[in-house]
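Visitor: Before we talk about how residues and helices earn their labels, could you put the model in front of us?
Guide: Here it is, and we can then take the labels one by one.

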Amino acid sequence: MTFFDVLDLLGYVLRFLGSLVFGIGAGWLTVRLVKQEAAAWQLLVAVYLGLLASFVFLGHWVAGGATLGSFGLGAGAAILIWGMIQPRSKKEDEEATPSEIRKRK
């Protein structure tokens, strides 16, 4: 095993981790923009198409299946995790007692 083989292996690991983090960030941004109260339909379409386009372009230009797979895992996990969280309404926040506010923190 030569020095360049070690660098290749390190590069694959870093590419996998970087793509995973990028997928988590893209999924979080997608969920955050979609859950806005007064979001226009054009924004929703652009967000979904941007997420799909980043997946397609990453698969087209980056060699190795681990990169594409880790991006998909990251984006899917972020959408599932942050998509399942129900945002509190302003009315619930106004009606909350001080003890309920302390429990939330």
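Visitor: Why is leucine 51 called buried?
Guide: In this predicted model, leucine 51 has a relative accessible area of 14%, and since buried means under 20%, the residue falls in that class. Leucine 51 lies in helix α2, and its C-alpha atom is separated by 6.9 Å from that of alanine 26, although the two residues are 25 apart along the chain.

Visitor: How do you know that valine 47 is buried?
Guide: The reasoning follows the cut-off of under 20%: valine 47 has a relative accessible area of 10%, and therefore it counts as buried. Valine 47 also has its place in helix α2, and 6.0 Å separate its C-alpha atom from that of threonine 30, with their positions 17 residues apart along the chain. As for the chain as a whole, buried residues make up 16% of its 105 residues.

Visitor: What makes leucine 14 exposed?
Guide: Leucine 14, which is found in helix α1, residues 3–34, has a relative accessibility of 52%, and because exposed means over 50%, leucine 14 is given that label. Leucine 14 is also one of the residues that make a nonpolar surface patch of about 1200 Å², among them Met1, Phe3, Phe4, Val13 and Leu17.

Visitor: Why are α1 and α2 called roughly antiparallel?
Guide: Two packed helices are described by the angle between their axes and the distance between the axes. The axes of α1 and α2, the latter spanning residues 41–61, come within 9 Å and cross at roughly 170°; angles over 145 degrees count as roughly antiparallel, so α1 is roughly antiparallel to α2. In passing α2, helix α1 makes a left-handed crossing.

Visitor: And how do you know that α2 and α3 are roughly antiparallel to each other?
Guide: The axes of α2 and α3, where α3 covers residues 65–84, come within 9 Å and cross at roughly 165°. That angle is set against the cut-off of over 145 degrees, and α2 and α3 are therefore roughly antiparallel to each other. The crossing of α2 and α3 is right-handed.

Visitor: Which pattern does the chain follow when it is read along the sequence?
Guide: The pattern is α-α-α-α-α, and the secondary structure comes to five helices and zero strands.

Conventions:
Residues are numbered from 1 along each chain as its sequence is written. This is a predicted model: local features need pLDDT of at least 70, side-chain atom pairs count only at pLDDT 80 or more; totals for chains, interfaces and linings use all residues. Side-chain values use heavy atoms; hydrogens and water are left out. Patches are made of residues with over 30% relative accessible area and no salt bridge: like charges are joined within 9 Å, nonpolar side chains (Val, Leu, Ile, Met, Phe, Trp, Tyr) within 5 Å. Accessible areas come from the Shrake-Rupley method with a 1.4 Å probe; for residues, only the protein chains shown count as cover. A salt bridge is a side-chain nitrogen of Lys or Arg within 4 Å of a carboxyl oxygen of Asp or Glu. Helices (H or I, at least four residues) and strands (E, at least two) are DSSP runs, numbered from the N terminus. Buried means under 20% relative accessible area, exposed over 50%, partly exposed in between (1.4 Å probe, protein chains only). Axes are lines fitted to C-alpha atoms, for helices over the stretch in contact, and angles run from 0 to 180 degrees between N-to-C directions. Angles under 35 degrees count as roughly parallel, over 145 as roughly antiparallel, 65 to 115 as roughly perpendicular and the rest as oblique. A crossing is left-handed if the near helix is turned anticlockwise from the far one by less than a right angle, and right-handed if clockwise.
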